[in-house]
Amino acid sequence: PEEIEIIPTWEDAVFKKHKSIFAPRYKESDAKSYYNTEKVLKNSFNLDWDRLACKSGLVKSVGGEEVFVQLKPVMALHYLMLKSVFDECSCSDEKSPWFMSLNQFTGFIVDCEFIDNNSQFCRQADVDTLFIVANLKDGDKASLANKLNPERALALFDFMDILIRISLAKYTKDSPFLPPPEALETFLSNHVLPAADKNQVNMQTDRFRRDRLYFEEVETVFKENRNTLAILFNYFKSLTRSKRLPVAQFLDMLVKCQLLGDDLAMPTREAVTCFVKARMVVIDQFQHKDKHETLSFIDFLECLGRVADCLSPASYEDLEDAGLEELTAFEVHQQQISGLISLNSRASCGINSPKTRPLDEKISALLNIIVGMLSEFYDVEDEVHLRKKLKAETKFDEGNAKY
């Protein structure tokens, strides 16, 4: 393959990412960067727009190609917001967080506050019909997008399709009768964007990388635990003979650690959101389906960082105040599960809560919990024996992370 030159940025003067454990991300990401660049988002948008343009029914509904092309700059302006909304809504389905179901779409549309059951065109039943229409396989039936796009759920470009259709129903068929480009802008600005704000949709996935992840202290924790992390990554992805880590196997690991689903852990939706946001943008989700839907080893590290930030395990000060400072994070988690101790959740717990502690402290605590709980689950004495057992049981080695 063609050798890709890694060009250091001004940030590397502080933390040399190109020489760090995160270095492979530069080459493996579509952006060829440690962040989702404007270029990769533009390329992603253009591909989604081209797929929209193949929908002859949609083009006809807006008044033909001449009018349709006028919608492109409007949609481009809001693309990052729409992509973020799509990702977050889709995360409520742990089995397929890559597409938006009718229930997920309806849940978000309620917050958009435009449904008018006294209207002739914007009743809930009308929107349900538009969902079916937007999901029709229009254009080239043999295309990969049509083959892999599910029949009862929306891909991102289908989501863009239905928003265009709703804007037409709301503002071109009813008063104030706006031109299609203005109708789309009005609908997105007055209804979709406020709903995104209401749902605390995070449109800046790179902020976590810039403000929390790419630091020497965080890298140090990952490097100190690299062997164990690589073995965990290799083992869980091998359960389905995958080259990369699927969401189901990542959740399986968290379930075995009893880190999902109750008051002492995190909601499954938040865990799925961490998984989805840990991936870099993939321009073509159909051509590169596996890359779009799974994690590389570097993505896996980021995902653990995001989970640690959401869980926000008890700090040393918390444990000291409770007289538990001699316990490890694993022992605290174990005793909380058993009901032997009870600690209040920290204010920073949750995916959208402000973070106050360094991320490396949280990751260290999370890894202590994961190793302890998995050692207990697999009935081994300690981390050394856990590594030995999982390494021996990893039968599929394609795409494995190196120790």
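The lining of the second largest cavity divides by class into three nonpolar, two polar and seven charged residues. The structure is a predicted model. This briefing covers its cavities, its largest pocket and two helix contacts. Two cavities of 30 Å³ or more are counted, and the largest pocket holds about 820 Å³ of space.

**Second largest cavity**
- The space in the second largest cavity comes to about 90 Å³.
- Its charged lining residues are Arg25, Glu28, Asp30, Arg244, Arg279, Lys291 and Asp299.
- Met280, Val281 and Val282 are the nonpolar residues of this lining, and Ser29 and Ser296 are the polar ones.

**Largest cavity**
- About 120 Å³ of space lies in the largest cavity.
- Its lining is made of 15 residues, and those nearest the centre are Lys83, Leu156, Val282, Gln285 and His292.
- Val282 is named for this cavity and also appears in the lining of the second largest cavity.
- Helix 2 and helix 5 each give at least two residues to the lining of the largest cavity.
- Helix 5 provides the largest share, four residues.
- Sorted by class, this lining has seven nonpolar, three polar and five charged residues.

**Largest pocket**
- The lining of the largest pocket consists of 32 residues, with Glu88, Gln200, Asn202, Ile351 and Asn352 nearest its centre.
- Two or more lining residues come from each of helix 5 (79-90), helix 6 (102-112), helix 11 (205-213), helix 15 (268-278) and helix 17 (297-311).
- Helix 5 is thus named both for this pocket and for the largest cavity.
- The pocket lining has ten nonpolar, eleven polar and eleven charged residues.

**Helix 2 with helix 5**
- Two packed helices are described by the angle between their axes and by the distance between those axes.
- The axes of helix 2 and helix 5 cross at roughly 80° and come within 11 Å.
- Helix 2 is therefore roughly perpendicular to helix 5, because angles of 65 to 115 degrees count as such.
- On the helix 2 side the contact involves Leu41, Ser44, Phe45 and Asp48, and on the helix 5 side Tyr79, Leu80 and Lys83.
- Lys83, part of this contact, is also one of the residues nearest the centre of the largest cavity.
- The contact residues comprise four nonpolar, one polar and two charged.

**Helix 2 with helix 4**
- Helix 2 (residues 38-53) packs against helix 4 (residues 65-77) at an angle of about 150°, and their axes are 11 Å apart.
- The two helices, helix 2 and helix 4, are therefore roughly antiparallel, because angles over 145 degrees count as such.
- Their crossing is right-handed.
- Helix 2 contributes Phe45, Asn46, Trp49, Leu52 and Ala53 to the contact, while helix 4 contributes Phe68, Leu71, Lys72, Met75 and Ala76.
- Eight nonpolar residues, one polar residue and one charged residue make up this contact of helix 2 with helix 4.
- Phe45 of helix 2 takes part in the contact with helix 4 and in the contact with helix 5.

Note on methods
Residues numbered from 1 in each chain as written. Predicted model: local features only at pLDDT ≥ 70, side-chain atom pairs only at ≥ 80, totals over all residues. Heavy atoms only, no water. Axes fitted to C-alpha atoms, helices over the stretch in contact; angles between N-to-C directions. Parallel < 35°, antiparallel > 145°, perpendicular 65-115°, else oblique. Left-handed = near helix turned anticlockwise from the far one by under 90°. Contact = heavy atoms within 4.5 Å. 1 Å grid on protein atoms, 1.4 Å probe; cavity = no way out; pocket = protein on both sides within 12 Å on 5 of 7 lines; lining within 4 Å. Points joined across faces, edges and corners; volume = space filled by probe spheres on them.
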